[in-house]
Every structure is written in C-alpha cells, then in structure tokens.
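User: I would like to go through this structure with you, one topic at a time. Could we begin with the backbone and then turn to the ligand?

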Amino acid sequence: MKTIWLACLLVVAVNCRPESLEKRYDGHQVLKVFPNLLENFKNIEALGAKYNLDFWNHPKHQNGTYDIQVSPEHVTDVINELKSLGADASVWIHDIQSLIDESRPSDHQKRASGTLSMNHYHSYAEINTFLNSIVSSNSHTHLDNLGTSLQGRSINLIRFSTGSTSRGTHKKSIFMDGGIHAREWIAPAVVLYMIDQLANNPNNDPDIANLLDKFDWYLVPLVNPDGYEYSRNGDRMWRKNMASSYGTQHSFFGCGSNEMGVDLNRNFGYHWDPANGGSFDQCQETYAGPHALSEPETKAMAHALDSVTSHTLAYLNIHSYGQYWIYPWGYTRHLPPDAADLDHLGRVATTALYHVHGSRYTVGEDTVVLYSAAGGADDYAKGHSGIKYAYTVELGDTGKYGFLLPERYIQTSGQELWAGVKAMAHELIRLYHL
Ligand code: 0X9
Ligand code: ZN
C-alpha cells in the first residue's frame, strides 16, 4: 500500500488515480439544507468552498433545498455553521458507503451474444460487446466511433436506419445519449434499455417497426466512458471526465481527494462561461475546462450533433436525478422563442411516462426548473446545432437514493423513459405529418 502511494507521489503529483484502490465513503453524509434566508444562497456556496462540499443538487427556487455531501470530519462544523446562518439542515443519507454497497454492480452471468441483462449496471467492455453483436446481426444498424476519450476509449454511437425515405432524403431522426456524468449510472442503463427495445423488441411491441420506419434513431450510451469506468472501479461519486491538470493552479499536488477532470456538461461551446453555473477551478465538480470544447468527449459529441442537424428533430441528454424534463436555455433565463413547443412536447412525453408507474416529472426551462448553468449539451444542441426539441432529462429518483439508484430500478426506469420517448415520437409524427 505504502509503495503504491509512494509511486503515486513520484509519478506525479499531477494525476494519480490508482484504479484498483476504491475510494470509500464511510460516514460521509448527504444533508438536505433549507437556506431560509435569501443571503444564505451565497453563504452556503461559500461553505462549499471552505469544506470541500459536493452539491448533489441546488435549490430550484427560493423555497427549495440543497442536497450537500459532507465528509465525516466536517459534518458537525457544517451543521453548526448552517444553524448559525439561520438555515435548516437535516441528514438525508447517513452513510453514503452503505448506499454504494447497495447499488454496487452485482456479479452476473455472461449472456448469449446480442442480449444484455437489464437488471445490471454494465462495464464499458460489456456495453461494447452488446453494441457490436447488435450491428453484426442487424443489417439496419451501424456503429460509429465519434471520437476517442482521453484514456483512449472510443465513444460509440449506434444508429438504427432502415433506409432513406421514398423521396431519397434522410428520414427525420431522434438522438439520445447518456453517461455524460460518470456517477449517474441509470442514464447509460436506460439508453441501453432503449437500444435493446429497438434492436431486439423483447416485448413484441407492434409499434417498434413503425418507429423504425418513421425515424432514424441515434443512441450514444456512454459519452464519458473514462469517468464511468473510474466511478465503477475508483470513486463511485466521480462526475467529470479524467482530464489531468490544466495550468499551474493546484498542479503539483493535484486536487487532493477532490481530483481534477472537466465537467463535460459545462464544456460545450454555446455561450460557454465558467462563471455561469460552472467553475474556473479544476478541483471543483463543475469545472468548465480551460476553454469551450477543450475535451475530446465534448468535441466528439458536438461534431456528431452538428452533423445530424439537417434531419434531427429531437435530442435527449440523459442524466439523473430529480425527475425533470427540461429545455434550454441553461445559460440565460430568457426563453427560446419556441419554448411553448418544447414545453408541449415535454408534457406529452412526461404524461405518457407517468402512466407507466406513476412517476411525476417536472417540465420547464432549465433555469426556471433547476438552475442557471452555461456550457450544457442541451444548449449546444439547440443553439449551435439547431435541433429544435433539445432536452435534458433527469431520471429518478426524487430523493431516496439520488445518484445511487440500485440495479432493481433499471427495468422500471427504462420502461418509463421508453414510454415517454415513444409518445414524443408519435407526437412528432403528428406534428410533422411523417
Ligand atoms: O448540472 C447539470 O449538468 C445537470 N444536472 S446534474 O445533476 N445531472 O448534474 C443539469 C443540466 C441542465 N442543462 C443546462 N444547464 N444547460
Ligand atoms: Zn448529470
């Protein structure tokens, strides 16, 4: 153990993340905090910097709450400081490690090629095997490598395309991705669920052929494969990509326990601005990168979105948690001119989603429903690529497990989102006379 850490110190000091040593969160807690006073928004953000807090969620309005992860050595001080500010704090998650243990990917049997268990969180390698077996047995599917992550993993897109239209032009398309934030495992899992529906039609759904006939489908299950693998093997709470030090700030000793990396959903190039809901500090969870599209993962996605612009009607950037179906802009409180259209389609989708298992999703503009944050994929897709119906979807839950949703929720989350997406597709068919 000593030798490993010594080696780490020698290697760099810049970037040492021994993937075999899993970071533990024994005694780390998540607090629900009611600011109570307007000035406390600023005060609470300042506590974040002082105690190295990880904000799982920011309040969406004056009466909203923060979900704040605190390390055991700071719990008492943070609660005391919050009380002295006049804020209310209660413990939501008492021990993050026990939830991590509960949501840990379980051992599972290898399945026949072309199938993937929808009851498990899968590794990057398993996901690729699944995609490859689909394209090798399915003539209307194609695998595109959109680019290569910092650690050399390919960012794969699977395309379902049953041929061009009778007019010889592209069909209209729907584009969806997951896993831009490493720790939000349910997002890639439900993208895989949807890929399985389209490729294997396991429920013999008579609608699938029609949906494949009307649209080309583009799905990227894992936008941030390096971060995802690190969250499986190194640090379950990892959010960003695996970029190492930028510039001189913090460069010698790195960021300590809160390592580097870029928040890919602050790095897109439409009104990119670290000061707007992101950070200039590479040690922060929302570090926006040294400049717009500085990361290979965002470059790959931006290029893919730009190249489908002429025929893509809808884009879903899938995250967790909180149950929101939200639309641009994230960088400003001003609504896009066609906000009513986006609102309408979001409501169609979430109504259908609700009817599956009764989950309620909030529909609205990013800054109204959540918070202001520039450099998001949704803003880029709409503002730069010109995809009209661009959304961020925050899957479940609403406050029991947060990012640590156990595997048993994959099926239900997939069923729900797929129902929402199908309803969205049908509404597009109606609106565009497809
Ligand atoms: O902060 C984010 O990137 C998203 N929430 S999450 O908890 N999954 O990290 C929301 C992004 C909303 N879109 C924009 N702000 N553009
Ligand atoms: Zn996210």
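User: How accessible is H271, buried, exposed or partly exposed?
Analyst: In this predicted model, H271 has a relative accessibility of 40%. Buried requires under 20% and exposed over 50%, so H271 counts as partly exposed.

User: Where is H271 found?
Analyst: H271 belongs to the loop that runs between α8 (225-233) and α9 (296-307).

User: And what is phi of H271?
Analyst: Phi is near 55° for H271, which is a positive value in a residue that is not glycine. N201, also not a glycine, has a positive phi of about 40°. N201 is placed in the loop between α6 (186-200) and α7 (207-214).

User: Which residues does the cis peptide bond with omega near 5° join?
Analyst: That bond runs from S320 to Y321. Y321 is part of the loop between β9 and β10 (324-327). A cis peptide bond also links G396 to D397, with omega about 10°. D397 lies in the loop between β12 and α13 (410-431).

User: Changing topic: where does ligand 1 sit?
Analyst: Ligand 1 occupies the largest pocket. Two or more residues of the shell around ligand 1 come from each of β9 (312-320), α12 (377-384) and β12 (389-395).

User: Which residues come nearest to ligand 1?
Analyst: There are 17 residues around ligand 1, and the nearest are R239, R266, Y371, D378 and E394. By character, the shell comprises three nonpolar, seven polar and seven charged residues.

User: What lies 2.7 Å from a nitrogen atom of ligand 1?
Analyst: That is a polar side-chain atom of D378. A nitrogen atom of ligand 1 also has a backbone N or O atom of A373 at 3.1 Å. In addition, an N or O atom in the side chain of N265 is 2.9 Å from an oxygen atom of ligand 1.

User: How much of the accessible area of ligand 1 does the protein cover?
Analyst: On its own, ligand 1 has 420 Å² of accessible area, and the protein covers 97% of this.

User: One last residue: is I155 buried or exposed?
Analyst: I155 has a relative accessible area of 0% and is therefore buried, the cut-off being under 20%. I155 is located in strand β6 (residues 154-160).

User: How far apart are I155 and M301?
Analyst: In sequence, I155 and M301 are separated by 146 residues, while in space their C-alpha atoms are 8.8 Å apart.

Definitions and conventions. Residues are numbered from 1 along each chain as its sequence is written. Chains are lettered from A and ligands numbered from 1 in the order in which they are written. This is a predicted model: local features need pLDDT of at least 70, side-chain atom pairs count only at pLDDT 80 or more; totals for chains, interfaces and linings use all residues. Side-chain values use heavy atoms; hydrogens and water are left out. A residue is near a molecule or strand if one of its heavy atoms lies within 4 Å of it. A polar contact is a pair of N or O atoms within 3.5 Å; within protein, one must be able to donate a hydrogen and the other to accept it, and residues adjacent in sequence count only if both atoms are side-chain atoms. Accessible areas come from the Shrake-Rupley method with a 1.4 Å probe; for residues, only the protein chains shown count as cover. On a 1 Å grid over the protein atoms alone, a cavity is a set of points where a 1.4 Å probe fits but cannot get out, and a pocket is an open set with protein on both sides within 12 Å along at least five of seven lines; lining residues have an atom within 4 Å of a point. A molecule sits in a cavity or pocket if more than half of its atoms lie within 2 Å of its grid points. Helices (H or I, at least four residues) and strands (E, at least two) are DSSP runs, numbered from the N terminus. Ala, Val, Leu, Ile, Met, Phe, Trp, Tyr, Cys and Pro count as nonpolar, Asp, Glu, Lys and Arg as charged, and the others, Gly among them, as polar. Buried means under 20% relative accessible area, exposed over 50%, partly exposed in between (1.4 Å probe, protein chains only).
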